[in-house]
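Subject: A structure for you to look at

Dear colleague,

I am passing on the structure we spoke about, and I would be glad if you kept it open while you read the notes that follow it.

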Amino acid sequence: MKNIISALLLFLCTPLAATAQQDTPKVDPENICIDVNYMMPQRYPTRAVNDYSLCLKGDTVISQLPYMGQAYHATYGNTDGLNFKLPITKKEVKPGKKGRTIIQFTCNNSTATYDFKIEIYPDRAAYINLTPSHAEGISYKGEWNTPAE
């Protein structure tokens, strides 16, 4: 009797597992936007935020991110903070554990270099680690999507 029940459960659950795998969205590292919900500075508590994002479109990054932290030196003439559109100079995309996709890239402007590491999860969660050359690092948490062209 136990064998029949086990076989029946296995038979019924197999199509459900296949459906769950089909619903997993595909990550396109060339066209992805992350809507940031939380910022996690090193020296301050985590804060919920609204209306901030990071988008990758081909070889360009569009950053609209908040920042809290200590600057190592002043960047004179740059009042835009982490709001910029810059070309990506180095980019690496590799698979991670449990279906994650890891995107690492660097971009520069006239005053700083920014090193990004983005971890993309199949459940649409995303984590961003940002290390600016002129200030301490900061992390963000959000949800990713693939924007329409």
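To begin with a question you can check by eye: are Phe-84 and Tyr-114 buried or exposed? Please keep in mind as you look that this is a predicted model. Phe-84 is buried, and Tyr-114 is buried as well.

The overall fold

The strands form a closed barrel of 8, which runs in the order β1-β2-β3-β4-β5-β6-β7-β8 with antiparallel pairing. From one strand to the next, the twist averages 30°. As background, strands of a sheet pair through backbone hydrogen bonds, and they may do so in either a parallel or an antiparallel way.

A good place to start tracing the barrel is strand β1, residues 31-41, which pairs with strand β2, residues 47-57, in the antiparallel sense over 8 bridges. Within this pairing, Cys-33 has Cys-55 of β2 as its bridge partner, and a hairpin of 5 residues leads from β1 to β2. Strand β1 is also joined by 8 bridges to strand β8, residues 138-145, and these two strands run antiparallel; here Met-40 has Ser-139 of β8 as its bridge partner.

Strand β8 can then be followed to β7, since 6 bridges join these two antiparallel strands, and a hairpin with 5 residues between them connects the pair. Ser-139 of β8 appears again in this part of the barrel, where it stands opposite Asn-129. Elsewhere, β4 and β5 run antiparallel and are joined by 7 bridges, with Ile-88 finding its bridge partner in Cys-107 of β5.

The nonpolar core

In soluble globular proteins, nonpolar side chains tend to be buried together. The largest nonpolar core in this model has 28 residues, and those that touch the most other members are Val-61, Tyr-114, Phe-116, Ile-118, Ile-120 and Tyr-140. At least two residues of this core come from each of β1, β2, β3 (60-65), β4 (82-95), β5 (101-108), β6 (113-120), β7 (125-132) and β8.

Ile-118 is a useful residue to select in your viewer: leaving aside its neighbours within four places in sequence, Ile-118 is in contact with Ile-34, Leu-54, Leu-56, Thr-101, Ile-102, Ile-103, Phe-105, Tyr-127 and Ile-128.

Aromatic rings

How many aromatic pairs does a search of the whole structure find? The search finds 3. In one of them, the ring centres of Phe-84 and Tyr-114 are 4.8 Å apart and the planes meet at 25°, so this pair counts as stacked. Because Phe-84 belongs to strand β4 and Tyr-114 to strand β6, the pair ties together parts that lie 30 residues apart in sequence.

Another pair is made by Phe-105 and Phe-116, whose ring centres are 4.7 Å apart with planes at 15°, so they too are stacked. Since Phe-105 lies in strand β5 and Phe-116 in strand β6, this pair ties together parts that are 11 residues apart in sequence. Both Phe-105 and Phe-116 are buried.

Finally, there is a ring with a charge beside its face: the charged end of Arg-124 sits over the ring of Trp-144, at 4.7 Å from the ring centre.

With best wishes

Notes. Residues are numbered from 1 along each chain as its sequence is written. This is a predicted model: local features need pLDDT of at least 70, side-chain atom pairs count only at pLDDT 80 or more; totals for chains, interfaces and linings use all residues. Side-chain values use heavy atoms; hydrogens and water are left out. Two strands pair if DSSP finds at least two bridges between them. Helices (H or I, at least four residues) and strands (E, at least two) are DSSP runs, numbered from the N terminus. A nonpolar core is a set of buried Ala, Val, Leu, Ile, Met, Phe, Trp, Tyr and Cys residues joined through side-chain atoms within 4.5 Å. Buried means under 20% relative accessible area, exposed over 50%, partly exposed in between (1.4 Å probe, protein chains only). Contact means heavy atoms within 4.5 Å. Rings of Phe, Tyr and Trp (its six-membered ring) pair if their centres lie within 6.5 Å; planes under 30 degrees apart count as stacked, over 60 as edge-to-face and the rest as tilted. A charge sits over a ring if NZ of Lys or CZ of Arg is within 6 Å of the ring centre and within 35 degrees of the ring normal. Axes are lines fitted to C-alpha atoms, for helices over the stretch in contact, and angles run from 0 to 180 degrees between N-to-C directions.
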